Amino acid sequence: MPTFVVDSRAEAEHVLAGEIADLLRARPEAVLGLATGNSPIGVYRDLCALHAAGEVSFARATTFNLDEYLGLQDGDPRTFRRWMQTHLFDHVQPRSTNLPECHAPLASADAVAVRYEQALQAAGGIDLQVLGIGLNGHIGFNEPGSTRTSRTRVVELDQRTRKHAVRVFGDLAQVPTQAITMGVASILDARRLRVLAFGAEKAEIVRRTLFDPISAECPATFLRGHHDVKLYLDAAAAELIEDSALPS
Ligand code: F6R
């Protein structure tokens, strides 16, 4: 997997925001795949700045997010929908934004997931997907055990993922146990994948992503099979990788 170690995360954020802006200039109706969380936040900040400067328009763009918690009410500040509104959508106003429904009654959540996958296909698939990597190797909420052929579906959240979310929910009991996520195959269908990992906290999972056997034990390893993937790391996230071993 082509891997770029940058001097600062701001450099990677700038490069990726620039690539997304170039894509939207070349193809205004592009379909963007988006992630929430710490990894992409600076890319969205840079895109908002480019938009404010009149250098990019999202007026014809469509977005699909990777995932959403299940069991929250619409408008709950802890939904990924609200996070996206705050950090990107309210500023750049894409033509169409899609996230799985957080309040899907559990009985119909499977149908919601199937409809999301169908909507993704109907939109023509994703031109460029932004990704972070979870500490347990998840991409989207494809937790360890998720197969290469998995599609959008309801998943049980891993304990490690739920513990990580305590910083948002305040208390483990409040963290949802389920989510809807795009599948590994749905993600790998994207025409370009751009993956971000920053900080020493990510060093071990980055090493595993690049060098562990490709398997469901670490779903991020599946990214290595993609024809147009780039991984951006800062020095701290790359600290367990010998320079000479860096894939190019
Ligand atoms: C978020 C998502 C997750 C995150 C991953 C890394 O929508 O699908 O896979 O990308 O958990 O999170 P951060 O970037 O917060 O370290």
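In which crossing, left-handed or right-handed, does H1 pass H2? The crossing of H1 past H2 is right-handed, a term used where the near helix is turned clockwise from the far one by less than a right angle, with left-handed reserved for an anticlockwise turn. The model is predicted, so local features are restricted to a pLDDT of at least 70 and side-chain atom pairs to a pLDDT of 80 or more, whereas totals for chains, interfaces and linings use all residues. Residues are numbered from 1 along each chain as its sequence is written, and side-chain values rest on heavy atoms, with hydrogens and water left out.

Helices H1 and H2 pack at an angle of about 55°, their axes being 8 Å apart. Here helices (H or I, at least four residues) and strands (E, at least two) are DSSP runs numbered from the N terminus; axes are lines fitted to C-alpha atoms, for helices over the stretch in contact, and angles between N-to-C directions run from 0 to 180 degrees. The angle makes H1 oblique to H2, given that values under 35 degrees count as roughly parallel, over 145 as roughly antiparallel, 65 to 115 as roughly perpendicular and the rest as oblique. On the H1 side, the contact (heavy atoms within 4.5 Å) is made by Arg9, Glu13, His14, Leu16, Ala17, Ile20 and Ala21. Its H2 side consists of Ile41, Gly42, Val43, Arg45, Asp46, Leu47 and Leu50. By class, eight residues of this H1 and H2 contact are nonpolar, two polar and four charged. In this scheme Ala, Val, Leu, Ile, Met, Phe, Trp, Tyr, Cys and Pro are nonpolar, Asp, Glu, Lys and Arg are charged, and the others, Gly among them, are polar.

Helix H2 (residues 41-52) also packs with helix H3 (residues 80-92), at an angle of about 20° and with the axes 8 Å apart. That angle makes H2 roughly parallel to H3. The crossing of H2 past H3 is left-handed. Ile41, Tyr44, Leu47, Cys48 and His51 of H2 meet Trp83, Met84, His87, Leu88, His91 and Val92 of H3. The H2 and H3 contact holds eight nonpolar residues, three polar and no charged.

These helices lead on to the interior. The largest nonpolar core has 41 residues, and Ile20, Tyr44, Leu47 and Leu88 are those with the most contacts inside it. Such a core is a set of buried Ala, Val, Leu, Ile, Met, Phe, Trp, Tyr and Cys residues joined through side-chain atoms within 4.5 Å, where buried means under 20% relative accessible area, exposed over 50% and partly exposed in between, for a 1.4 Å probe and protein chains only. Two or more residues each come from helix H1 (9-26), strand S2 (31-34), H2, H3 and strand S6 (128-132), and H1 gives the most, with seven residues. Beyond neighbours within four places in sequence, Leu47 is in contact with Ala17, Ile20, Ala21, Val56, Phe58, Leu88 and Val92. Apart from this core lies another, of 32 residues, among them Leu66, Leu131, Ile187 and Val195.

Three loop residues round out the picture. Ala220, in the loop between helix H8 (203-211) and strand S10 (229-234), counts as buried at 0% relative accessibility. Leaving aside neighbours within four places in sequence, Ala220 is in contact with Ile133, Gly137, Ile139 and Thr209. Gln93, in the loop between H3 and strand S5 (96-98), has a positive phi of about 45° although it is not a glycine. Gln93 counts as exposed at 57% relative accessibility. Pro77, in the loop between strand S4 (67-69) and H3, is exposed, with a relative accessible area of 62%.
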